[in-house]
Amino acid sequence: MQMQTQATCDLERRACASDPCAEDVRIDLGEALRRAALPPGQGRLAIVAMSGGVDSGVSALLLREAGYRTVGINMRLFTPDEGHSRCCSIDDMEDARAVCRALDIPFYPLNMEREFVGAVIEPFVDAYLAGRTPNPCLECNRKPKFAFLLGRARALGAAYLATGHYARIDRRADGTFALRRAADANKDQSYVLYTFTQEQLGRVLFPVGALTKPEVRALARQHQLPVATKAESQDICFVPDGDYASFVLRRRPGAARPGPIVDPGGAVLGEHRGLVHYTVGQRKGLGVSAREPLFVMELDAANNRLVVGTREQLGFVALAASRVNYIAGAPPDGPRPILAVLRYRGQELPATLVPLGRDRARVEFTEPPRAIAPGQAVVFYDPADPAAVLGGGTIEATERVRGRGASAVGRGA
């Protein structure tokens with residue numbers, strides 16, 4: 001099965017074995033604090049979202065050392081019907097509690113399962129059944145973490161909410177805020193954070209964003225945090241086995257209906273197992289043979305058709321995006337060059353951003369990318385400063401290269 005969701009909800013994504021976890025890495029706590037450039041603590045209250053991993057643990061360490069009255073909160077987000085969830089297991093909660101105990105700071109569990117299911121899981125399932133490729137990390141950040149939890153933190157009188165995300169927030173001379181890539185390019189998570197408003201950026205801290213992962217682990221070892229060598233998860237947090245189709249079908253039994261596999265001209269080539277088992281750009285596991293490899297071009301949910309084509313027939317000239325957010329708070333005055341990123345840790349693609357009001361936009365590509373999945377995010381970076389995030393939105397529709405089985409802009413067309 002080739003279903004792929006390009007982002008992950010975990011603050012930490014890879015096993016320690018894949019991280020540069022060299023034991024000889026060292027970093028002085030004072031240097032870490034200098035790079036983190038946290039606002040002065042002065043005894044102010046800071047809430048840390050504690051996942052039970054090393055990144056949030058070191059974030060709490062840095063806040064405490066910067067003079068904040070630091071409190072750790074672990075969010076219980078999802079209870080699986082069966083098996084284990086990497087989202088918020090009991091083990092993760094106990095790891096978060098152990099870190100807070102080691103740092104001598106208060107710890108509180110918080111049940112946010114209702115908010116998470118309503119804001120993340122149900123839209124995730126509905127999107128797959130509509131032939132889209134959802135991005136649950138974005139919705140988790142948009143609502144549970146940086147709307148619901150940030151609201152709770154403010155209600156408690158906290159000056160800031162901190163997380164272990166790898167990204168940076170800069171305050172400009174005019175008092176506005178900029179969102180920037182992390183110092184560690186291998187761990188950067190700015191792609192899933194483009195939904196921030198200026199008000200949120202002023203209330204959120206990413207203490208480890210200016211550090212590398214090996215340095216974070218070194219700090220955890222040096223300060224004897226119990227999660228210093230804890231492995232990281234790699235899949236969507238609430239689908240630990242990576243079988244997204246089975247997860248969707250457990251929540252919507254009978255939703256996978258077989259249907260025709262067709263070429264761009266509508267000729268039937270075979271039968272698919274249900275659109276939930278496929279994603280745009282997929283090549284393997286299609287169950288049809290041809291003289292050259294075929295790729296998924298479109299999930300036509302309205303007609304229950306899987307549209308496939310050759311590599312030559314792939315490629316896009318533009319996309320339409322909705323729910324567009326601009327980090328500066330307002331769209332640019334007119335078309336402007338950008339670097340567009342279409343998936344987590346994806347390639348930067350030169351493009352032109354054409355604003356269409358406050359929350360819609362068109363992105364026109366210089367060189368046609370081969371796979372754009374409606375439902376995923378397109379994130380805008382500044383060509384003059386590629387670390388700066390300008391904003392982003394949800395991919396609603398695409399326009400293919402004309403002359404290659406192209407169609408005008410339409411959802412997934």
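# Exercises on a predicted model

Five strands make an open sheet with parallel pairing, in the order E3-E2-E1-E4-E7. The model is predicted; local features need pLDDT of at least 70, side-chain atom pairs count only at pLDDT 80 or more, and totals for chains, interfaces and linings use all residues. Residues are numbered from 1 along each chain as its sequence is written, and side-chain values use heavy atoms, with hydrogens and water left out.

## Exercise 1: the parallel sheet

Find the edge strands of the sheet E3-E2-E1-E4-E7, then find a residue pair between E1 and E2.

Step 1. Fix the terms. Helices (H or I, at least four residues) and strands (E, at least two) are DSSP runs, numbered from the N terminus. Two strands pair if DSSP finds at least two bridges between them.

Step 2. Find the edges. They are strand E3 (107-111) and strand E7 (204-205). Each has a single partner strand, so one side of each is left without a neighbour in the sheet.

Step 3. Look at E1 and E2. Strand E1 (residues 45-49) runs parallel to strand E2 (residues 69-76), and five bridges join them. Alanine 49 of E1 stands opposite isoleucine 73 in E2.

## Exercise 2: a helix pair

Describe how helix H4 packs with helix H5, and say what H5 lies across.

Step 1. Choose the quantities. Two packed helices are described by the angle between their axes and the distance between the axes. Axes are lines fitted to C-alpha atoms, for helices over the stretch in contact; angles run from 0 to 180 degrees between N-to-C directions.

Step 2. Read the values. The axes of H4 (residues 113-129) and H5 (residues 136-155) come within 9 Å and cross at roughly 170°.

Step 3. Classify. That crossing makes H4 roughly antiparallel to H5. The classes are under 35 degrees for roughly parallel, over 145 for roughly antiparallel, 65 to 115 for roughly perpendicular, and oblique for the rest.

Step 4. List the contact (heavy atoms within 4.5 Å). H4 contributes Glu115, Phe116, Ala119, Val120 and Phe124. H5 contributes Pro136, Glu139, Cys140, Lys143, Pro144, Phe148 and Arg152.

Step 5. Sort by class. The contact of H4 with H5 has eight nonpolar, no polar and four charged residues. Here Ala, Val, Leu, Ile, Met, Phe, Trp, Tyr, Cys and Pro count as nonpolar, Asp, Glu, Lys and Arg as charged, and the others, Gly among them, as polar.

Step 6. Turn to the strands. H5 lies across E1, E2, E3, strand E4 (160-162) and E7. Its direction is about 135° to E4.

## Exercise 3: arginine 64

Place arginine 64 and list its contacts beyond four places in sequence.

Step 1. Locate the residue. Arginine 64 is in helix H2 (residues 54-65).

Step 2. Judge exposure. Arginine 64 counts as partly exposed at 30% relative accessibility. Buried means under 20% relative accessible area, exposed over 50%, partly exposed in between (1.4 Å probe, protein chains only).

Step 3. List contacts. Leaving aside neighbours within four places in sequence, arginine 64 touches Thr70, Leu103 and Ile105.

Step 4. Check a C-alpha separation. Arginine 64 and glycine 43 are 21 residues apart along the chain, and their C-alpha atoms are separated by 9.4 Å.

## Exercise 4: two hairpins

Compare the hairpin of E5 and E6 with that of E8 and E9.

Step 1. Take E5 and E6. Five bridges join strand E5 (residues 167-171) to E6, running antiparallel. Alanine 167 has arginine 181 in E6 as its bridge partner. Five residues lie between the strands, and glycine 175 takes a positive phi near 90°.

Step 2. Follow E6 onward. Strand E6 (residues 177-181) has five of its five residues buried. Two bridges join E6 to strand E17 (residues 385-400), again antiparallel. Leucine 179 stands opposite valine 389 in E17.

Step 3. Take E8 and E9. Four bridges join strand E8 (residues 259-262) to E9, which run antiparallel. In E9, glycine 259 pairs with histidine 272, and isoleucine 261 with glycine 270. This hairpin has five residues between its strands, with glycine 266 at a positive phi near 95°.

## Exercise 5: cysteines

How many disulfides does a search of the whole structure find?

Step 1. Apply the cut-off: a pair of cysteine sulfur atoms within 2.5 Å. The search finds zero disulfides.

Step 2. Check accessibility. Cysteine 100 counts as buried at 1%. Cysteine 140 is also buried, at 1%.
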